[in-house]
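Here are my notes on this model, as numbered points. Please read them with the structure open.

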Amino acid sequence: MFRTHTCGVLTKEESGKSVTLSGWVHKHRNFGGLVFLDLRDRYGITQIVCNPENITDFTVVESLKYEHIITVEGTVELRTEGTQNTTLSTGEVEVIATHVSILSNTKPLPFEIFDAKKGEEDEELRLKYRFLELRRKKLRDNILFRAKVETHIRQFMNSRDFIDIATPILTVSSPEGSRDYLVPSRIHPGKFYALPQAPQQYKQLLMVAGFDRYYQIAPCMRDEDPRADRAPGEFYQLDCETSFMTSEEFFTLMEPLWIELTEKVAGKKVQQNPLPRIPFRECMEKYGTDKPDLRFGMEIQEVTSWAKKGSFELFNTTEVVRVLVVPGGADFSRKDIDGKFTQAAKQGNAQGLPWMKVVDGTCESGIAKFFSHEQLQEIIQQVGAEDGSILFFGIGSWEKSATALGTVRSLAGDILELKDPNVVAWAWIVDFPMYEWDEENEKVDFGHNPFSMPKGGLEALNTKDPLDIIADQYDIIANGLELSSGAVRNKDPEIMYKAFEVAGYTKADVDEKFGHMIQAFEFGAPPHCGFAPGIERIIMVLTNEASIRNVVAFPKNQKAEEPMMGSPSEVTEEQLKELHLQIKKEKE
RNA sequence: GGACCGGUAGUUCAAUUGGCUAGAGCACCGCCCUGUCACGGCGGAAGUUGCGGGUUCGAGCCCCGUCCGGUCCGCCA
């Protein structure tokens, strides 16, 4: 027998019992005779006491190295007064070993499993030995937590009559969205399958088929470059779709899932319940982004008419001026303002970051000199700035003046520690514009998803300025991360053709690209809506994890390689021949 | 594709201004130690400072090139 108990369960209740444990030697402390072992498995750690008086072949114990896998037989005993370890769940007891045997030994490790207080090893190395890194507590806890979340999601969805349906992995390349991963067809020379970027079209077809409520924790493959919150290659979504619901009814249906995951599974607090619904325009104006961190306020305000009273040229020549009041920001150093904060503003597409500080009831430094004393009093009044604040200004178009301050707001939230790690601020962002102006090509283009239903339907498309049309589309966000977009889908062929026409596509274009969808809708489609929140991002929000690679068991690196197995890899000539492929030789 | 930051024993980090025979912790090897929990003590092995060139009496450090890695932009729900 390998074990009667795991390494995380023994308490004083079991004292006196004979037990067998198996696991990894996490630590060993050798006192030249008496040896302590910290035996580890995924459930926890139990201290083993090896005394030569109780063990016949003690050389085995003395030969143990870190991460050897062993089986221990022994007796559970209460630890004596003063030797308990309160940091372990099993710290009240220890196992007095009578027999120890090695199941597997190990080469010297490329890095230690034990969490020492030091820097992190190079990620390349950790990914190459991912099976070792996964033994570490932090990563193991993330993966175990992810499993708990996914289990809860499935229970929730099942209890609401959603049906789990698998959709094809080998599917067809679709022209919109991201770059596809392609799979060559052996049977059809020159033809390719594509791996799904998302089961978007299949799930809509399931609604046409009458399944009414569908979900799937679906793999999605996209050939794009990574970011800290975006996995290269592949990731998972809670893909779901419902029929016969308005978007508001859908919100009400799904909201308890976010509340339960936050409170019951992660043990954190929900900032606001029911979740706020924030219209896109209002969101941009207040927070300078469509995915604000709502754990703190600090809203942006518009001050154009005031700004134009002074003699600051950038204000007088711009369209809109907005201000972000950061309480306590007067303490920011010149170095940080010109460095970190200006850098943040530039990330928000600003040229620079005008500012002034509120000190002793008036404004000073920065651009204060361009305004009269009265004008400075006026702005303090208008925006309600208290002494010790700093005012950051955003200038430019309606959008640019806001986004410049959105990134600054987020940075200020970090620096002032306003983002409570034990709180999750969920929100629905609603009323996205159906179209936006494409500066580069000087034409109207889809703002987000072309398959969203425009609010007002055909009539809106026929009569309104395209840029004024609102799509019945929404995002679910949390703590500054966008988890998913979603929409009431455009399921009416006539409205679909018209919607594409507004963006400059002919009927023939639409038929060529999306003919199969339109054809399906022509046989009747129920009104339907849904979304597809990213699983990894949900876990990131619930664990405060900044890197998506820390919530994936076997992630790819920045170049979309998996260093442990060595993907992608070359294949044999034979395989290529079967697939009718030839590799073009790189130029020397 | 572009910008920025980085690369020193297996690993995490040091190495004042360009002055070394490149150090320390952990891991590894050997010895000592019966109540530790980051155990402790003594000793040992371990390095082409990513690579190539240059400046210099002298380069881990300065310069040029190159490779590799990370973050961000582009791209992407």
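1. Start with strand 10 and strand 24. The two pair antiparallel, over four bridges. One contact to check is Ser 243, whose bridge partner in strand 24 is His 528. Keep in mind that this is a predicted model.

2. Strand 24 covers residues 528-531 and also pairs with strand 23. That pairing is antiparallel too, with three bridges. Val 488 has Cys 529 of strand 24 as its bridge partner. Ala 487 is matched with Gly 530 of strand 24.

3. Which residues of strand 24 point one way, and which the other? His 528 and Gly 530 point to one side, Cys 529 and Phe 531 to the other. All of these are buried. In a regular strand, side chains alternate between the two faces of the sheet.

4. Now the whole sheet. It is open, has eight strands and shows mixed pairing. The order is 6-9-10-24-23-22-19-12. The edges are strand 6 (163-164) and strand 12 (277-279), each of which pairs on one side only.

5. Two helices deserve a look against this sheet. Helix 6 (residues 247-265) lies across strand 9 (213-222), strand 10 (233-243), strand 12, strand 19 (426-430), strand 22 (473-478), strand 23 and strand 24. Its direction is at about 160° to strand 19. Helix 16 (residues 535-543) lies across strand 9, strand 10, strand 19, strand 22 and strand 23. Helix 16 runs at about 135° to strand 23.

6. Next, the RNA. How many residues surround RNA strand B? There are 47, and the closest are Asn 30, Thr 83, Glu 112, Arg 230 and His 448. Of the atoms of RNA strand B that come within 4 Å of the protein, 54% belong to sugar and phosphate.

7. By class, the surface near RNA strand B holds 22 charged, 17 polar and eight nonpolar residues.

8. Base contacts merit a separate check. A polar side-chain atom of Arg 230 is 2.4 Å from a base oxygen of RNA strand B. For Arg 29, a side-chain N or O atom is 2.7 Å from a base oxygen of RNA strand B. Thr 83 uses its backbone: a polar atom there lies 2.5 Å from a base nitrogen of RNA strand B.

9. Which elements give two or more residues to the surface near RNA strand B? They are strand 1 (18-30), strand 2 (35-41), helix 2 (123-128) and strand 23 (481-488). Strand 23 is also part of the eight-stranded open sheet.

How values were computed. Residues numbered from 1 in each chain as written. Chains lettered and ligands numbered in written order. Predicted model: local features only at pLDDT ≥ 70, side-chain atom pairs only at ≥ 80, totals over all residues. Heavy atoms only, no water. Near = heavy atom within 4 Å. Polar contact = N/O pair within 3.5 Å; in protein donor to acceptor, adjacent residues only side chain to side chain. Nonpolar A, V, L, I, M, F, W, Y, C, P; charged D, E, K, R; others polar. Pairing = 2+ DSSP bridges. Contact = heavy atoms within 4.5 Å. Axes fitted to C-alpha atoms, helices over the stretch in contact; angles between N-to-C directions. Buried < 20%, exposed > 50% of the residue type's maximum accessible area, 1.4 Å probe, protein only.
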